[in-house]
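Here is a friendly briefing to read alongside the model. Have the viewer open as you go through the points.

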Protein chains: 2
Amino acid sequence: MNNETRREMEVREGRATIVDVARRAGVSKSTVSLVLGGSSLVAETTRERVSDAMNELGYIYHRGAATLRGAKSGVIGMVINDLSNPFYVELAIGIEQACQGGAYIPFLANTAESAIRQQQVIRSMREHGAAGLVLAPAMGTSASELKPLLAGLPVVQVMRRLPGLRASFVAPENKEGARRATAHLIAVGHSRVAFVGGVSSMLVREERLAGYRLALDEAGISLDPSLVIETTTNYSGGGTAVPQLLNLPEPATAALCFNDVVAIGLTRALMEAGVSVGVDFDVIGFDDIEEARHTRPALSSVAVNPRDLGSRAAQLLMRHLASGDFEPQAVLCPTALALRKSCRAAGPYERDN
Amino acid sequence: MNNETRREMEVREGRATIVDVARRAGVSKSTVSLVLGGSSLVAETTRERVSDAMNELGYIYHRGAATLRGAKSGVIGMVINDLSNPFYVELAIGIEQACQGGAYIPFLANTAESAIRQQQVIRSMREHGAAGLVLAPAMGTSASELKPLLAGLPVVQVMRRLPGLRASFVAPENKEGARRATAHLIAVGHSRVAFVGGVSSMLVREERLAGYRLALDEAGISLDPSLVIETTTNYSGGGTAVPQLLNLPEPATAALCFNDVVAIGLTRALMEAGVSVGVDFDVIGFDDIEEARHTRPALSSVAVNPRDLGSRAAQLLMRHLASGDFEPQAVLCPTALALRKSCRAAGPYERDN
DNA sequence: AAAAAGATTTGGAACGTACCAATTGGACGC
DNA sequence: GCGTCCAATTGGTACGTTCCAAATCTTTTT
């Protein structure tokens, strides 16, 4: 009796439960559970009565309790290394879009290139029962530190691959894209093509650099190490490369950059040094971020289509989840060379001398 | 007996529980729970033994089970209307940074300006036991549709305020910022200042427009409705305004734009029409996004500092959570006028005529 | 009209954790 | 040697859900 009244009061306090709904609808909690699960067993009239009760009480499903019983959470985690980079924002949006139709809701967490934060965030997602992860690893992450955290969880890596981590991987065809861009610069007449940006510990850079090397090789040009310049991967990084490129005995006349941000920084610094980009000096970036279209001169770039990348990663993850088969797969996305004003489209390059 | 062996096997299968850890460490589950909670009651040697057992088993805390017992989830949800807008990305980063030190981990969800998705996402965050929400409402959201979903949950609205929703609110001083920018344009000699961008249903636009009106008023200039132009809030929106501004009997000579994206679109279209921005025509944007510094001519803007905004919102939410006092508060963040090349800094404006 | 079959509904036992009350094992004072 | 006190540890219960086996109600068949 006492218990009854206490119960009755509690309906107002805290979160309404399945039992509260059941009492209100005059059915058992099991029936309410069936309604929640969309079971076909329950009669139409009952279903309505239960739904009404839910609305009246402002019932909110307690997923924690459900996962306890083994139910899947319906959440996939996006762990992204750098949201201040528009490229990764696009990638995240691609993931989201791919989840739209499906049964999953994506939650996003930014690691800001911090390995520690990445650990926290992954742990937190697991604790909350995320069904799977799309992971764009933070810089300097090692597979060994993540392995215990990720054990048993389906994971798709994007952009960066952690050597030693058995997990699927989605990335652009970095090497082929860089090869093609470099080949283009050579085709329009350049023989002094630089590669600017990034540091050698970055795997992605190695891939792009390999494409650059391959193109030189194919053209019979031998690699000049002084044309390969390491920089930070931000606007100012591109700027720092300018004196190094121009003060060479044989100055560079074109550059393929590690990414667009570096390329834009480089372009800006060249223009300020009085070198007209697209006329005196050709620049091609990598990633084709939104901004590439809007800088002057508009930046040519190897288009990576981050949305596509994200979307494929999400689809791959959902396939893993649906099939229960977590056998790692690799997906390489084709790139496209977007030619704009920052480099000539065709025809020979003529240096005034 | 049978039960025992089944148990023993299960240690390998599925997720290790607090009980598995306890057995391994040779203590009771209660002790493990105390270790998890960082209690000072447990002896140092025991704590170590338990920690070791956790690592060996790859134990992962099951937050769902804990929230069931009333524990707080430690998650705050960021529900953001448009992540493809760099402004809101910055805002999200500000929220994250404010959470760094605190006990909360922020999860981000993008609604892409869809009210339906917003509902889904908020529901999902509640289901997962989010302790509170920072909400940048999607366009066209009404308080009534969100009220039942948000009942009892501490919420801080950012940027947009939903009339009728009793919840805290953090926003820039839109009116004062717009007043000051307009006053500046008038002070350098303009009398035909336009206001470009947005549509009248947007509350934020109304605030900024009010500041524009106030400045005109203070300068004794009467408002010319043909100088107030509604557009979509993207790059092309700014472009569409150009003919309307220049084909007036008395053309506009300056414009305050609803936001930077519109301002950049406007600038670009003006330059293409042969009007030199910063010389023949002054433009000021709003929000001061990263890109404003990088367009040519660099865009003057009312700096809103989205990080600060996000950070204040998160701090306010955490204060609500810590105190248990959800009484709504309003926080207005000061703006700053960032003057760059797209408008003159001082001195009279002289129209060649 | 009883039995069989089908359609709905239901009680109860988990799931992994936190917390309360209770227990244990010393160390200490007498 | 006994009680007292303190520090450290422990069972047991409850949280909101799912799912199974069983119960109830309806209809159909004999």
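**Symmetry, DNA surface and a helix pair**

G64(A) is the residue of chain A that comes closest to the rotation axis, at 1.8 Å (C-alpha). This is a predicted model, in which local features need pLDDT of at least 70, side-chain atom pairs count only at pLDDT 80 or more, and totals for chains, interfaces and linings use all residues. Residues are numbered from 1 along each chain as its sequence is written, while chains are lettered from A and ligands numbered from 1 in the order in which they are written.

**The two copies**
- A turn of 180° and a shift of 0.1 Å along the axis lay chain A on chain B with an RMSD of 0.2 Å (least squares on the C-alpha atoms of residues with pLDDT of at least 70 in both).
- The two copies are thus related as by a two-fold rotation axis.

**Around DNA strand C**
- Of the 27 residues around DNA strand C (C-beta atom, placed from the backbone, within 6 Å), S28(A), T17(B), I18(B), H62(B) and A65(B) come nearest.
- The largest share of this surface, four residues, comes from α3(B) (helices are DSSP runs of H or I, at least four residues).

**A helix pair in chain B**
- Helix α11 (residues 235-246) of chain B packs with helix α12 (residues 260-272) of chain B at an angle of about 45°, their axes 6 Å apart (axes are lines fitted to C-alpha atoms over the stretch in contact, and angles run from 0 to 180 degrees between N-to-C directions).
- α11(B) and α12(B) are therefore oblique to each other (not under 35 degrees, over 145 or 65 to 115).

Definitions and conventions. Helices (H or I, at least four residues) and strands (E, at least two) are DSSP runs, numbered from the N terminus.
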